[in-house]
Amino acid sequence: MATTLEYGLYTNQLDPVVTLPVKASSTWDAGAFLKLDSGYLTACSAGDVPFGVAVHQITTAQTPATSGDVSAQVYVGPTNIYQYPPDSGTVVVGDVGKKMDVGGARSINRDASTDSCLICVGVDTAAQTLFVQLIPSAAAGA
């Protein structure tokens, strides 16, 4: 796991940070999309709807043996901007304004809007990254 925030928070617009319990055996990098599983934080996989974005990394050494033994901070809210690569394909200017899905813990499925949990607010075609914001109403229905 990377210890740097290569992807994730790009612009902090002061969305709230909440502290929640971590699911047993969960690990993730800073900037990972996180979901709630029975009230415990765990990393998103492709097709999951994120509750928020990890503030810090949870390493194997930090992961709890029992759900709830460890807590972690997560950004929630719609105003922070996050930067991620696509899970596949080429980022284009036409991606701006589209609703998208999670492609993995730290990637975007730019070709899908099944969950419509992210909105693309910008792109960097040279770096092949997308700038997205969470759509909180999507997580509320998850």
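For a chain of 142 residues, a compact globule would have a radius of gyration near 14 Å, and the protein chain here has 14 Å, so the two agree. Keep in mind that this is a predicted model. Along the principal axes, the C-alpha trace spans about 45 × 30 × 25 Å.

Some totals next. Of the 142 residues, 44% count as buried. The chain exposes about 6500 Å², and carbon and sulfur atoms supply 51% of that area. Now take the contacts between residues at least 6 apart in sequence: 58% of them join residues at least 24 apart.

On to the secondary structure. The chain has one helix and 11 strands. Reading along the sequence, you get β-β-β-β-β-β-β-β-β-β-β-α, with the helix after the strands.

How are the strands arranged? One group is an open sheet of five strands, in the order 2-6-5-3-4, with antiparallel pairing. Its edge strands are strand 2, residues 17–21, and strand 4, and each of these pairs on one side only. From one strand to the next, the twist averages 50 degrees.

Let me stay with strand 3 in this sheet. Strand 3 covers residues 33–37 and pairs with strand 4, residues 40–43, in the antiparallel sense over four bridges. The two strands form a hairpin with two residues between them, and there Ser 38 takes a positive phi near 55 degrees. Strand 3 also runs antiparallel to strand 5, residues 52–54, and two bridges join that pair.

Which residues does Leu 34 face in strand 4 and in strand 5? In strand 4, the bridge partner of Leu 34 is Ala 43. In strand 5, Leu 34 stands opposite Gly 52. If you have the structure open, Leu 34 is a good residue to click on here.

Now the other sheet. This one is open too, with six strands in the order 1-7-11-10-8-9 and antiparallel pairing. Why is one side of strand 1 and of strand 9 left without a neighbour in the sheet? Strand 1, residues 8–11, and strand 9, residues 107–109, stand at the edges with a single partner strand each, so one side of each has no neighbour there. Neighbouring strands of this sheet are turned against each other by 50 degrees on average, direction ignored.

Inside this sheet, look at strand 10, residues 118–124, and strand 11, residues 129–134. They pair in the antiparallel sense over six bridges. As one example of the register, Cys 120 stands opposite Val 132 in strand 11.

The last stop is a single residue, Thr 129, which lies in strand 11. Is Thr 129 buried or exposed? The cut-off for buried is under 20% relative accessible area. Thr 129 has 2% relative accessibility, so Thr 129 counts as buried.

What does Thr 129 touch? Leaving out residues up to four places away in sequence, Thr 129 touches Tyr 7, Gln 83, Tyr 84, Pro 85, Val 91, Val 123 and Asp 124. With Gln 83 there is also a polar contact, side chain to side chain, at 2.8 Å.

To recap: one helix and 11 strands, an open sheet in the order 2-6-5-3-4, and another in the order 1-7-11-10-8-9.

Conventions. Residues are numbered from 1 along each chain as its sequence is written. This is a predicted model: local features need pLDDT of at least 70, side-chain atom pairs count only at pLDDT 80 or more; totals for chains, interfaces and linings use all residues. Side-chain values use heavy atoms; hydrogens and water are left out. Two strands pair if DSSP finds at least two bridges between them. Axes are lines fitted to C-alpha atoms, for helices over the stretch in contact, and angles run from 0 to 180 degrees between N-to-C directions. The radius of gyration is taken over C-alpha atoms; the globule rule is 2.2 Å times the number of residues to the power 0.38. Buried means under 20% relative accessible area, exposed over 50%, partly exposed in between (1.4 Å probe, protein chains only). Contact means heavy atoms within 4.5 Å. Accessible areas come from the Shrake-Rupley method with a 1.4 Å probe; for residues, only the protein chains shown count as cover. A polar contact is a pair of N or O atoms within 3.5 Å; within protein, one must be able to donate a hydrogen and the other to accept it, and residues adjacent in sequence count only if both atoms are side-chain atoms.
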